[in-house]
2 protein chains.
Amino acid sequence: MKDSIYTLEAQSGEARAGTIVTEHGEIQTPIFMPVGTRASVKGMWQEDLERMNAQIILGNTYHLFLRPGHELIDRMGGLHKFMSWDKPILTDSGGFQVFSLSDLNKVTEEGVEFQSHIDGSRHMLSPEKSMEIQKALGSDIVMIFDECPKLPATKETLRTSMELTLRWAKRCKDYGLQPHQSLFSIIQGGLYEDLREECMERLVEMDFPGYALGGLSVGEKNEQMVSFLNSFTPKMPQNKPRYLMGVGKPLDILNGIRAGIDMFDCVLPTRNARNGQFLTKHGPLNIKKERFKEDPLPPDPSCECPVCTRYSRTYVRHLFNVGEYLAGQLITFHNLFFYLKMVKDARAAIIEDKFDEYYKEFYKNYTSDMHK
Amino acid sequence: MKDSIYTLEAQSGEARAGTIVTEHGEIQTPIFMPVGTRASVKGMWQEDLERMNAQIILGNTYHLFLRPGHELIDRMGGLHKFMSWDKPILTDSGGFQVFSLSDLNKVTEEGVEFQSHIDGSRHMLSPEKSMEIQKALGSDIVMIFDECPKLPATKETLRTSMELTLRWAKRCKDYGLQPHQSLFSIIQGGLYEDLREECMERLVEMDFPGYALGGLSVGEKNEQMVSFLNSFTPKMPQNKPRYLMGVGKPLDILNGIRAGIDMFDCVLPTRNARNGQFLTKHGPLNIKKERFKEDPLPPDPSCECPVCTRYSRTYVRHLFNVGEYLAGQLITFHNLFFYLKMVKDARAAIIEDKFDEYYKEFYKNYTSDMHK
């Protein structure tokens with residue numbers, strides 16, 4: 001297992017620009033990772049992801065374990081080869097899904113018994129099983145198997161959960177991965193900064209090549225998350241990547257970057273695309289609205305993506321209204337392009353030590369409500 | 001209206017190679033036209049169609065009339081601009097759809113009253129209305145509004161229908177289209193060659209820039225269609241494009257080309273793609289089959305399309321099984337690429353006067369049942 005994969009290159013305030021090195025290529029941070037749950041970013045060819053310069057994508061342990069099965073993917077040469085994606089892949093541990101998607105899950109010291117959301121079949125996911133699956137998938141970045149407690153929860157419940165997550169983290173670390181794989185740990189503890197700090201310190205003692213924040217953006221107020229991130233993130237190890245899991249909206253990501261986070265993933269740009277929402281410089285644009293019916297403008301006139309430079313609002317609205325697949329495909333491409341440009345521009349601003357100006361300008365435009 | 005848009009360049013037996021000239025570019029025949037019913041070839045970006053060298057696509061008058069409406073498309077600059085497709089477009093007349101899709105249609109001398117398949121709203125489609133819609137769409141090739149009688153039908157019924165189609169053809173011709181548009185007429189008459197000949201002669205007297213065969217591949221035996229095409233097609237005007245509407249499977253198209261047909265369209269390669277069927281040199285390949293579960297080969301190892309040069313059977317099968325959009329997208333691209341290559345190769349063989357060899361080789365491979 002690799003120990004040091006991150007180089008910090010520049011800081012602007014707490015915002016960081018760096019590089020993560022993997023065997024499948026370098027990742028320039030801060031970065032957004034498109035979510036390819038079942039070995040596909042919905043509606044995108046791998047060529048599309050390359051065209052938008054996606055540097056790393058996510059795969060999902062829970063979903064790939066159930067279908068087509070990690071052993072099949074292993075026999076086919078691993079996830080990179082299976083889906084023909086040569087750049088870095090991060091896999092989550094399946095923890096979040098067994099708690100949120102499957103029924104009748106039962107947590108024990110050993111792991112989580114659950115019933116498949118597809119056919120009700122019974123399975124056990126444990127630290128060792130999650131590592132076995134992720135090892136077979138061959139992802140570049142592997143996440144530890146953690147408990148995701150139901151929120152809201154008392155501090156006592158969160159502590160109990162954190163202790164379990166720490167014991168599971170140790171078991172994950174003791175499991176041998178492939179030489180090219182890096183295991184990231186996950187800091188839990190809700191919004192209790194003392195719990196989070198204790199969790200982090202004990203994980204740092206175990207020494208992981210990367211640290212993630214889990215259990216955020218799951219119901220707490222946005223200001224609470226921002227406040228927590230601003231206070232907590234700078235205390236995280238400087239020489240390791242920092243990953244804020246499952247977050248979020250464009251401004252959440254900028255807030256994360258400002259606090260010092262390096263990596264993000266979220267289904268929002270892809271899921272909302274399929275509901276007709278373009279994310280643009282001037283805020284979300286809902287293509288279903290009547291006012292776009294005969295609007296010949298590009299979805300986002302300031303955007304240089306292949307969708308905005310070719311197709312019009314009136315056309316995409318028509319496609320969406322009649323249920324053509326192309327609507328979701330075009331909006332998904334644009335939204336991912338938009339996210340990737342946002343973090344790329346943020347990186348450039350950090351390197352020039354002008355992140356605060358970038359942040360303010362982006363915030364002003366994005367909240368202008370031009371498309372409301 | 002243009003009168004002469006076709007140049008015959010070579011013949012091999014009855015098979016023809018030619019060029020159709022339109023304001024949006026030349027079409028080298030024989031050609032297959034991907035179907036973009038609602039201003040989108042399902043799951044394809046217009047860039048995809050360009051990448052596979054589609055020379056002309058179809059739009060559908062009935063569907064575009066209902067949604068988003070031809071007047072809206074007209075105000076947006078016509079169908080080419082609306083959907084951002086600069087190459088030729090052919091629109092059908094809506095006749096086939098009002099007879100097959102909508103409920104409670106009532107045929108009068110004036111036209112067809114029908115109820116929308118979407119919301120049950122009542123409309124009238126007539127020769128003039130069909131021309132009004134297609135004029136607004138601005139397609140390069142416009143089809144006359146014909147009656148499509150329910151089959152099987154008696155000869156008397158077919159004659160009555162043919163007479164109505166002829167009167168409607170005259171009304172379509174008398175309607176003024178845009179200067180760049182060419183109006184093709186449709187020869188009806190079932191499998192009665194005398195009826196078909198009479199219909200053709202009376203249409204030729206009216207002098208159209210192109211002639212289509214309608215009402216084939218709608219239930220008759222395949223050998224009957226082939227036999228009819230071989231006998232009838234050579235009698236069609238030599239100096240005009242010949243279009244076999246809605247046909248068909250790969251071998252149907254080769255049989256059509258052999259009989260002297262120049263243009264084809266069919267939803268089969270796109271619709272079957274969404275059902276998991278790759279059309280390959282060695283016959284159809286159903287990706288759902290268990291035998292492809294761990295098959296690392298390309299869908300069609302002999303194919304040079306971007307799907308077959310990058311993705312595997314095991315991957316596409318997984319995508320199909322879990323319901324990922326990408327499965328349909330990849331198979332659709334391949335199938336259209338396969339059809340376009342088939343007609344391109346046929347054209348090259350005709351120019352070399354080796355069509356018969358090409359036909360036999362294709363037939364032998366395609367019926368080898370390798371993927372059964």
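Two residues count as being in contact if their C-beta atoms, placed from the backbone, lie within 7 Å. With that in hand, a pair of helices in chain B of this predicted model makes a good starting point. In helix H9(B), the residues B:Val226, B:Leu229 and B:Asn230 meet B:Asn255, B:Gly256 and B:Ala259 of H10(B). Sorted by class, the residues of this contact come out as three nonpolar and three polar, with no charged ones.

How do these two helices sit against each other? H9(B) covers residues 222-232 and H10(B) covers residues 250-259, and they pack with their axes 8 Å apart at an angle of about 20°. Angles under 35 degrees count as roughly parallel, so H9(B) and H10(B) are roughly parallel to each other. The crossing of H9(B) and H10(B) is right-handed.

Next come the domains, looked at here in chain A. The domain assignment splits out domain 1, residues 6-265, and domain 2, residues 273-366. Between the C-alpha centres of domain 1 and domain 2 of chain A there is a distance of 27 Å. Where these domains touch, domain 1 of chain A puts in 25 residues and domain 2 of chain A puts in 24. On the domain 1 side, at least two residues each come from strand S1 (6-12), strand S2 (15-22), strand S4 (31-33) and helix H10 (250-259) of chain A. H10(A) gives the most to that side, with six residues. The class breakdown for the side of domain 1 of chain A that touches domain 2 is 15 nonpolar, six polar and four charged residues.

Zooming out, the two chains also touch each other. In this contact, 30 residues of chain B go up against 30 residues of chain A. On the chain B side, the elements giving two or more residues are helix H3 (70-75), helix H4 (79-83), helix H12 (313-322) and helix H13 (325-351). The largest share of that side, six residues, belongs to H12(B). By class, the side of chain B that touches chain A holds 15 nonpolar, seven polar and eight charged residues.

Finally, how are the two copies related? Chain B superposes on chain A by a rotation of 180° with 0.0 Å of shift along its axis, at an RMSD of 0.0 Å. The two copies are thus related as by a two-fold rotation axis. Both copies use the same surface for their contact, as 100% of the contact residues of chain B recur in chain A.

Methods: Residues are numbered from 1 along each chain as its sequence is written. Chains are lettered from A and ligands numbered from 1 in the order in which they are written. This is a predicted model: local features need pLDDT of at least 70, side-chain atom pairs count only at pLDDT 80 or more; totals for chains, interfaces and linings use all residues. Helices (H or I, at least four residues) and strands (E, at least two) are DSSP runs, numbered from the N terminus. Ala, Val, Leu, Ile, Met, Phe, Trp, Tyr, Cys and Pro count as nonpolar, Asp, Glu, Lys and Arg as charged, and the others, Gly among them, as polar. Axes are lines fitted to C-alpha atoms, for helices over the stretch in contact, and angles run from 0 to 180 degrees between N-to-C directions. Angles under 35 degrees count as roughly parallel, over 145 as roughly antiparallel, 65 to 115 as roughly perpendicular and the rest as oblique. A crossing is left-handed if the near helix is turned anticlockwise from the far one by less than a right angle, and right-handed if clockwise. Domain bounds come from an automatic or database domain assignment. Copies are superposed by least squares on the C-alpha atoms of residues with pLDDT of at least 70 in both.
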